[in-house]
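Subject: Structure handover

Hello,

Please find the structure below, with notes on what was found in it. Could you read the notes with the coordinates open?

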Amino acid sequence: MLSFKAVLCAVLLAVYTNAAPAPASSAPTDASSTVVFSTASSAVSSAFSATPSTVLASSASATTPTGSGIPGAAHHSSSSTSVASTGSGSPSATSSAAPAWETVAPASDDPNYVLWDEDSTTDPQGVRDTYGASIMGPQNVPIALQNPDLLAPPTTDEGSVQNAKWPFALSHNRLQTGGWARQQNVDVMPIAKSMAGVNMRLEVGAVRELHWHKTVEWSYVTKGSVQVSAINSDGQNFLGTAHAGDLWYFPAGVPHSLQATADDPDGAEFLLVFNDGAFSEDSTFLLTDWLAHVPKEVLAKNFKVNMSAFDHIPSKQLYIFPAATPSDDDEPVSDPQGQVPSPFIFPLSKMKATGLEGGSVKVVDSTTFPVSTEIAVAEVTVEPGAIRELHWHPTQDEWTYYLSGEGRVTLFASSSNARTFNYQAGDVGFVPASFGHYVENTGNTTLHFLEIFNTDRFQDISLAQWLALTPPELVKAHLDLDDATLASLSKTKKTVVGPSDSS
């Protein structure tokens, strides 16, 4: 049972809290102090003549606002004014609401520049300004140099965001006679649930054998040239060559092959992207693998030949294997059904880039490459000191591949969650749909990368354009920007913003 002293303390606290005057421009006079003291004295006298249960009930009633569902909640008026007693005994109203821009402290001006890069000779430490401390134990210095914003993150980073970087250099490589292949999927980067990638290399003449996938296949050739062949479900065939900087696309289930030409003496290398984060290059449908698992009498019946015709088929899959170099003037096999109505190759290398103040961009989606109904791409360059502007993609994830240069990206995941990642050539990045982000060139050379989306149409929303096309007084109420800054906001999308005088 509660002691009487505890009950008495509760009464005194409730009375003083309820009776104390709100802050005013002048201190309370002796008269107002007398009123409070008298009220408290009366409450104490009543408490001595009451039972503990009665006192508790009274204190709860005195401290609970009308209509409140919280027992014992401290009383606060819903109005922005409060009443205070004056020396004359008459109440006066005083405003307690702060100006809108004072309700939250201004953001810090502390710089958050990249502290080092992979070519630095510094000893990387987990220190930024007055935060952190040196590393006392062992560390992998080359990896720390490549990821300065993980070891010493900007003070603007907060909360938690899943890892959004995967270097192909860390992927297991499948070595074959004639080439190799390495992949990234959710096994190594769980955040990338909607897309996966493969980096493949073929020597001159080497073939990625006839096969098909449950997903679409999209490709960007990084070096050399690749001859591709395919047929669609209507029996229409296709043969063509994709050169460095070009694309190809195969819808799900369309059988095809890839073979490096002799345009480059080293053969070819290319990037493959699939619209399923769980995709595995080791789980494709291969011609040799299938026939090795069909009884030969069934093969003979299907093709209407003797079983001996299949005496030399491989006993297991070939995957990648050497073959005779294809000719530059090869023609597709004569086809009574004709050629595919829309080519599976797009000559991106010949497409003129849109020049921007700090770089360039090329966009290819189904409006320019009709067969590519599930993958769109923006090929972007950002010059030193420039930035791919703050933006987001409304409904589609972004799978990013860095071709050259150095950059950093901060992902804003809402709810005060933000994390910064650094990227180099050969790295894969990922940005979930609607996550705010930018891509900053942090090096001394051109930053060149691909933004890839599992959609038929490229879309993004520019932060600067949004603010410029919003009523200025509304923007000012949020950010307290001056008129000159508001007037400088671009009403057209910049995509890449050039270096400023301050940078």
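**A hairpin and the sheet it belongs to**

N173 has R182 in strand 7 as its bridge partner. Helices and strands here are DSSP runs (H or I of at least four residues for helices, E of at least two for strands), numbered from the N terminus. Two strands count as paired if DSSP finds at least two bridges between them. Strand 6 (residues 173-176) and strand 7 (residues 179-184) run antiparallel and are joined by 4 bridges. The two strands form a hairpin with 2 residues between them, and G178 in the turn has a positive phi of about 110 degrees.

Before the rest, the basis of these notes. This is a predicted model, in which local features need pLDDT of at least 70 and side-chain atom pairs count only at pLDDT 80 or more, while totals for chains, interfaces and linings use all residues. Residues are numbered from 1 along each chain as its sequence is written, and side-chain values use heavy atoms, with hydrogens and water left out.

The hairpin is part of an open sheet of 7 strands in the order 6-7-8-15-10-13-18, with antiparallel pairing. Strand 6 and strand 18 (345-346) are its edge strands, each pairing on one side only. On its other side, strand 7 pairs with strand 8 (residues 196-202) in the antiparallel sense over 6 bridges; here A181 has M200 in strand 8 as its bridge partner.

N199 also lies in strand 8. N199 counts as buried because its relative accessible area is 3%; buried means under 20%, exposed over 50%, and partly exposed in between (1.4 Å probe, protein chains only). Its side chain reaches the backbone oxygen of F270 at 3.4 Å. Not counting residues up to four places away in sequence, N199 touches F168, W180, A181, R182, E269 and F270, where contact means heavy atoms within 4.5 Å.

**The other seven-stranded sheet**

A further 7 strands form an open sheet in the order 5-26-23-28-21-20-19, with antiparallel pairing. Strand 5 (165-167) and strand 19 (354-356) stand at the edges with a single partner strand each, so one side of each has no neighbour in the sheet. Neighbouring strands of this sheet are turned by 20 degrees against each other on average, direction ignored; the axes are lines fitted to C-alpha atoms, and angles run from 0 to 180 degrees between N-to-C directions.

At one edge, strand 5 holds K165. Is K165 buried or exposed? K165 is buried, because its relative accessible area is 7%. The side chain of K165 makes a polar contact with the side chain of D427 at 3.5 Å; such a contact is a pair of N or O atoms within 3.5 Å, one able to donate a hydrogen and the other to accept it. Leaving out residues up to four places away in sequence, K165 touches Q146, N147, M189, F421, N422, Y423, Q424, D427 and V428. The C-alpha atoms of K165 and F430 are separated by 6.9 Å, although the two are 265 residues apart along the chain.

Within the sheet, strand 23 (residues 398-404) and strand 28 pair in the antiparallel sense over 6 bridges, and W399 has I452 in strand 28 as its bridge partner. Strand 28 (residues 447-453) also contains E451. UniProt lists E451 under "active site" in an unreviewed entry; annotations there may be inferred rather than shown by experiment. E451 counts as buried because its relative accessibility is 0%. Leaving aside neighbours within four places in sequence, the residues in contact with E451 include R388, H391, H393, E398 and W399.

**Two positive phi values in one loop**

K304 has a positive phi of about 60 degrees although it is not a glycine. K304 is found in the loop between helix 7 (296-303) and strand 17 (320-321), and counts as exposed because its relative accessibility is 77%. Y319 is in the loop between helix 7 and strand 17 as well, with a positive phi near 65 degrees. Y319 counts as buried because its relative accessibility is 1%.

**Whole protein**

The protein has 10 helices and 30 strands. Of its 503 residues, 41% count as buried. Among contacts with a separation of 6 or more, 74% are between residues 24 or more positions apart. The protein exposes about 26,800 Å², of which carbon and sulfur atoms supply 57%; areas come from the Shrake-Rupley method with a 1.4 Å probe.

Regards
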